[in-house]
Each structure stands twice: as C-alpha cells, then as structure tokens.
There are 2 protein chains.
Amino acid sequence: MQPALTLLSALAEPTRLAAVRLLWDGREHCVCELVRVLGVTQSRMSRHMAVLKQAGVVVDRRDAQWVRYRRNPELPAEQAAIIDAVLNSLNTSSDRRAA
Amino acid sequence: MQPALTLLSALAEPTRLAAVRLLWDGREHCVCELVRVLGVTQSRMSRHMAVLKQAGVVVDRRDAQWVRYRRNPELPAEQAAIIDAVLNSLNTSSDRRAA
DNA sequence: CACGCATATGCGCATGAGCGTAAATAGATC
DNA sequence: GATCTATTTACGCTCATGCGCATATGCGTG
C-alpha cells in the first residue's frame with residue numbers, strides 16, 4: 001500500500017489518533033500510561049500501537065517491564081506534515097472538546 | 001464523529017484519494033470521467049463520491065444528465081491543509097508512481 | 001412516451017477491523 | 001523458581017466497508 005494510505009488508515013481511528021496526539025509531545029509514553037489516559041483496555045491499546053508502529057508513525061523501546069513509545073524521529077517530512085495538519089485541525093476546529 | 005476522523009476515513013481509500021487528487025485541479029469532473037480515468041465501475045464511483053460528499057470534501061451539481069463534482073469551496077482551512085499535505089506527500093514521496 | 005445516457009441505490013456477499021477475554025511472553029524482585 | 005507487573009498475542013465475535021450485479025431514477029432527444 002502507498003505510504004500515504006497506510007498513514008491515513010492508521011490515523012483514521014479515534015484511539016490511535018488520540019495516542020498520536022499524546023505522543024506528539026515528543027516524549028516517551030508507556031502503554032500502561034496510554035491505557036490509563038485513554039481509558040481503553042490494555043490489549044486494545046497494544047494492538048493499536050502495533051498498527052501505528054507498522055505504519056511508521058511511532059517507534060518503541062523496551063525499558064525493563066515497560067515498552068516506551070514515542071514519535072518516530074525518522075518519519076519522512078511529508079508524512080510528518082500530514083500528522084501536524086491533522087493535529088492542528090483537532091486543536092482548531094469544532095472538535096476541540098476531545099482535547 | 002469528529003470532522004478530522006471523518007475526513008481521514010474518507011481519504012483512506014485508494015479510489016477516493018485518487019478522485020480527490022483529480023478534483024483538486026479546481027475544475028469540475030463528472031462521474032463518468034472519473035470512472036474512465038480511474039478504471040472503476042460506475043456504481044462504485046458513485047458510492048465513493050457520496051462518501052466524499054458526506055465528509056464535506058466535495059460538492060456536486062446537476063448539469064443535464066451529468067453530475068459534476070468539484071472541491072468543496074467551503075472546506076474549512078484546517079481540513080484543506082490536511083488534504084494539501086496528503087496530496088503533497090503523494091507527489092513527493094516514493095509513491096509517486098501512482099500519479 | 002419511448003429510448004438512451006448518466007447517475008444513484010438496493011441487495012447480498014466477502015473481507016477487514018475493532019472488541020473482549022484469556023493465555024502467553026518478558027522482565028524485575030524476592 | 002515463584003510471583004508480580006507490563007505487554008503481546010491467540011481466538012472468536014460482531015460490525016463496518018468495499019464490491020459486483022441488477023435495478024431504479026433523472027434528464028435530454030426524438
């Protein structure tokens with residue numbers, strides 16, 4: 001699949017988009033934190049993160065018991081621009097409530 | 001659903017994304033033209049355009065036997081920015097072949 | 001009104017995606 | 001090694017979505 005389509009599919013899901021928004025603070029977040037903040041089950045969160053990882057949006061790192069996810073620093077600029085535009089629309093448009 | 005998610009879902013489909021790319025030349029295109037150019041069945045094209053229309057990406061206009069679709073001029077700037085970023089990534093990244 | 005072209009829609013099917021539950025894996029600590 | 005926490009994965013279910021085919025609808029022309 002085209003990278004752009006893979007990226008769009010990965011983002012077109014509420015939990016994943018929310019996770020991306022959290023991870024876009026540039027810091028690392030473990031799955032358990034995302035689970036707590038987003039209020040989803042642990043297994044669901046794990047799978048969603050796997051989708052984002054496969055799409056190249058995030059990278060993970062083992063740290064003791066935890067797996068830390070963060071924004072993929074290797075993300076191509078054109079794809080980063082898409083994500084930035086999406087996140088910007090979340091902060092700007094009428095769906096601000098979801099912040 | 002949040003506007004951003006609706007938009008992402010609408011774009012995350014090959015035929016629809018290709019249609020958006022065509023319509024983003026600013027001109028009107030009838031369904032029959034999209035069918036010919038994109039090589040999909042008529043009913044499929046009609047349904048895909050309905051999805052794009054519902055997402056607010058495009059608008060349509062009856063013109064005799066034809067229905068002319070074009071970019072929605074009322075599209076909010078934040079959403080237009082998303083589409084621009086996506087189309088830009090298509091022209092820039094390794095999936096240029098799909099042009 | 002019959003006919004033809006353009007478009008939309010109803011229907012049934014196949015596939016994919018998200019979900020919860022439960023079990024497996026991994027690492028830390030005792 | 002037993003146990004606890006964190007994470008992933010296997011399984012089965014349900015629902016959404018894309019598809020083809022056939023049919024309806026809309027519009028122009030004769």
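Guide: A polar contact is a pair of N or O atoms within 3.5 Å. The model discussed here is predicted.

Visitor: Which atoms of Tyr69(B) and DNA strand C are 3.0 Å apart?

Guide: On the protein side it is an N or O atom in the side chain of Tyr69(B), and on the DNA side a phosphate oxygen of strand C. The pair counts as a polar contact because its 3.0 Å separation falls within the 3.5 Å cut-off.

Visitor: What part of Val31(B) faces a phosphate oxygen of DNA strand C?

Guide: For Val31(B) the partner is a polar backbone atom, 3.2 Å from the phosphate oxygen.

Visitor: Which atom of DNA strand C lies 3.2 Å from a polar side-chain atom of Gln42(B)?

Guide: A base nitrogen.

Visitor: How is the contact surface of DNA strand C divided between sugar or phosphate and bases?

Guide: Such a split is taken over the DNA atoms within 4 Å of the protein; for strand C, 55% of them belong to sugar or phosphate and the rest to bases.

Visitor: How many residues surround DNA strand C, and which are the closest?

Guide: There are 20 residues around strand C, and the closest are Arg16(A), His48(A), Cys32(B), Ser43(B) and Arg47(B). By class, the surface near strand C has seven nonpolar, eight polar and five charged residues.

Visitor: Which elements each supply at least two residues of that surface near DNA strand C?

Guide: Chain A supplies them through α4 (42-54), and chain B through α3 (31-38), α4 (42-54) and β3 (66-71). The most comes from α4(B), with four residues.

Visitor: Now the other strand. Which residues are the closest to DNA strand D?

Guide: Cys32(A), Gln42(A), Arg47(A), Arg16(B) and His48(B) are the closest of the 20 residues that surround strand D. Of the strand D atoms within 4 Å of the protein, 56% are in sugar or phosphate and the rest in bases.

Visitor: Which polar atoms pair up at strand D?

Guide: The side chain of Gln42(A) has an N or O atom 3.2 Å from a base oxygen of strand D. For Ser46(A), a side-chain N or O atom is 2.7 Å from a phosphate oxygen. Val67(A) uses a polar backbone atom, 3.1 Å from a phosphate oxygen of strand D.

Visitor: Which elements give two or more residues to the surface near DNA strand D?

Guide: From chain A they are α3 (31-38), α4 and β3 (66-71), and from chain B α4. The largest share, four residues, comes from α4(A).

Visitor: How many residues of each class does the surface near DNA strand D have?

Guide: Seven are nonpolar, eight polar and five charged.

Terms used: Residues are numbered from 1 along each chain as its sequence is written. Chains are lettered from A and ligands numbered from 1 in the order in which they are written. This is a predicted model: local features need pLDDT of at least 70, side-chain atom pairs count only at pLDDT 80 or more; totals for chains, interfaces and linings use all residues. Side-chain values use heavy atoms; hydrogens and water are left out. A residue is near a molecule or strand if one of its heavy atoms lies within 4 Å of it. A polar contact is a pair of N or O atoms within 3.5 Å; within protein, one must be able to donate a hydrogen and the other to accept it, and residues adjacent in sequence count only if both atoms are side-chain atoms. Ala, Val, Leu, Ile, Met, Phe, Trp, Tyr, Cys and Pro count as nonpolar, Asp, Glu, Lys and Arg as charged, and the others, Gly among them, as polar.
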